[in-house]
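Work through the exercises below with the sequence and the model at hand. Each task is followed by a solution in steps.

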Amino acid sequence: MNYEFSDRLKNLQGNAIREIFKLLSQPGVISFAGGFPAKETLPVAEIKDITNRILDENGAEILQYGGTEGYYPLIESSCEYVKRDGIVATPDKTLVISGGQQGIDLTFKAFINKGDRILVENPTYLACLHILKTYEGEAIGVDSDEDGINIVDLAKKLVLYSPKILYLVPNFSNPTGKTLSVEKRQAVYELCKKHGCIILEDNPYGEIRFSGNRVPAIKSFDRDGIVIYITSFSKVISPGLRTGIAVASPEIIRKLTIGKQAADVHTASLSQAIVDRYLREGRIDPHLKEIVPVYKMKKDAMHDAIGKYMPEGIRFTDPDGGLFIFAEFARKGVNTDEIFKDVVEKTGCAYVPGSSFYADGKTFNALRLNYSNATPAEIEKGIKALGGYFTKLLED
Ligand SMILES: Cc1ncc(COP(=O)(O)O)c(C=O)c1O
């Protein structure tokens, strides 16, 4: 059958990471490629207990259809939750979403026409680029410094491209682990306001901070209704619950809600009720106290192994939180896409090639390493093997 797929999807390849997972099914491969939360941090017993109580007390109601905006108790507890980022939210400015990913999708669905441009920090979250393509938008990369997006380049590109949206992950970005400084957050806000550009602030990792001080969300400066803030319970409770929150002006929330009606009617009520109880019962902070040290221990293990085994000529980020370290080869000729299969075969380790994270997909001398999914012993073994491979590569 010769399928006539839509123009939107017919030339679109699968998300690079999802494709890599297929390659990694051989037993024994140490994967630094994923972005999963550490398995041991998932609160299985607590969720089991909460779920039983919800079904005992309120089963029939929770197994029924619900409103698209979300389960009202969760909307209320979410308004409370985002206060920790300096955000003042009210129910009319809040939408429960099926994970942060859906927040990006609904935003682009609401704003992007074919050919519309958005700005992203280079490199950025690859699924954002992927989602944008499904709406036939164009991503323009903005340069990045140690403390996040480069303000001079941002100012230039706001004028040059008249983008509709700037997409940013200000805390422990995926893929770099970088955090945007407070001064830059203010500058980004003022510049976008001046140029009528919406800011999509994506914050899935902010609570996974193991060093440095909390920085207020860009949304906390928003007096003009230009920031759409999304966060998610995937990394702090469980990704399988597929639950997150969007906070924006009531007009934007209404449009996102209309898009969500068409997408999935509402986020699963049972998941919403579980997250609501988790928050209301004051479980989140004790849980974070337990899990953040796990991430710190793994990040330290990877950072130390990098110091021991990696050659000169590769620069690594050193994040204050989140799940990722990003590496850039000083030599532009290194192509991490081309060597990927060989690396997996020879070292038994996998990373994500950097090109997937760049707006134009053409920067090949970088790669992303995830430290949350391996044990410290696997991290040491894997980085040692990768270090050996890269040492040889740079000598040739
Ligand atoms: C930057 C960023 N945004 C959004 C998401 C989506 O997460 P979820 O849909 O599970 O909330 C991820 C997941 O890895 C991410 O890294």
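**Exercise 1. State the strand order of the open sheet and identify its edges.**

Step 1. The open sheet has 7 strands in the order β2-β10-β9-β8-β7-β3-β4, with mixed pairing. Strands (E, at least two residues) and helices (H or I, at least four) are DSSP runs numbered from the N terminus, and two strands pair if DSSP finds at least two bridges between them.

Step 2. β2 (94–97) and β4 (138–142) each have a single partner strand, so one side of each lacks a neighbour in the sheet and these two strands form its edges.

Step 3. On average, neighbouring strands of this sheet are turned by 20° against each other, direction ignored.

The model is predicted: local features need pLDDT of at least 70 and side-chain atom pairs pLDDT 80 or more, while totals for chains, interfaces and linings use all residues. Residues are numbered from 1 along each chain as its sequence is written, and side-chain values use heavy atoms, without hydrogens and water.

**Exercise 2. Describe the pairing and burial of β9 (227–232).**

Step 1. With β8, β9 pairs in the parallel sense over 5 bridges; L200 stands opposite I228 in β9.

Step 2. With β10, β9 pairs in the antiparallel sense over 4 bridges, and I230 stands opposite A246 in β10.

Step 3. V227, Y229 and T231 point one way from β9, I228, I230 and S232 the other way, and all are buried. Buried means under 20% relative accessible area, exposed over 50%, and partly exposed in between, with a 1.4 Å probe and protein chains only.

**Exercise 3. Which helices lie across β9?**

Step 1. Helix α5 (residues 100–111) lies across β2, β3, β7, β8 and β9, and runs at about 155° to β9. Angles run from 0 to 180 degrees between N-to-C directions, with axes fitted to C-alpha atoms, for helices over the stretch in contact.

Step 2. Helix α9 (residues 250–264) lies across β2, β8, β9 and β10, at about 25° to β2.

**Exercise 4. Characterise the packing of α4 against α10.**

Step 1. α4 (residues 72–81) and α10 (residues 269–280) pack at about 45°, with axes 9 Å apart. That makes α4 oblique to α10 (under 35 degrees is roughly parallel, over 145 roughly antiparallel, 65 to 115 roughly perpendicular, the rest oblique).

Step 2. P73, L74, E76, S77 and Y81 in α4 meet Q272, V275, D276, L279 and R280 in α10, contact being heavy atoms within 4.5 Å.
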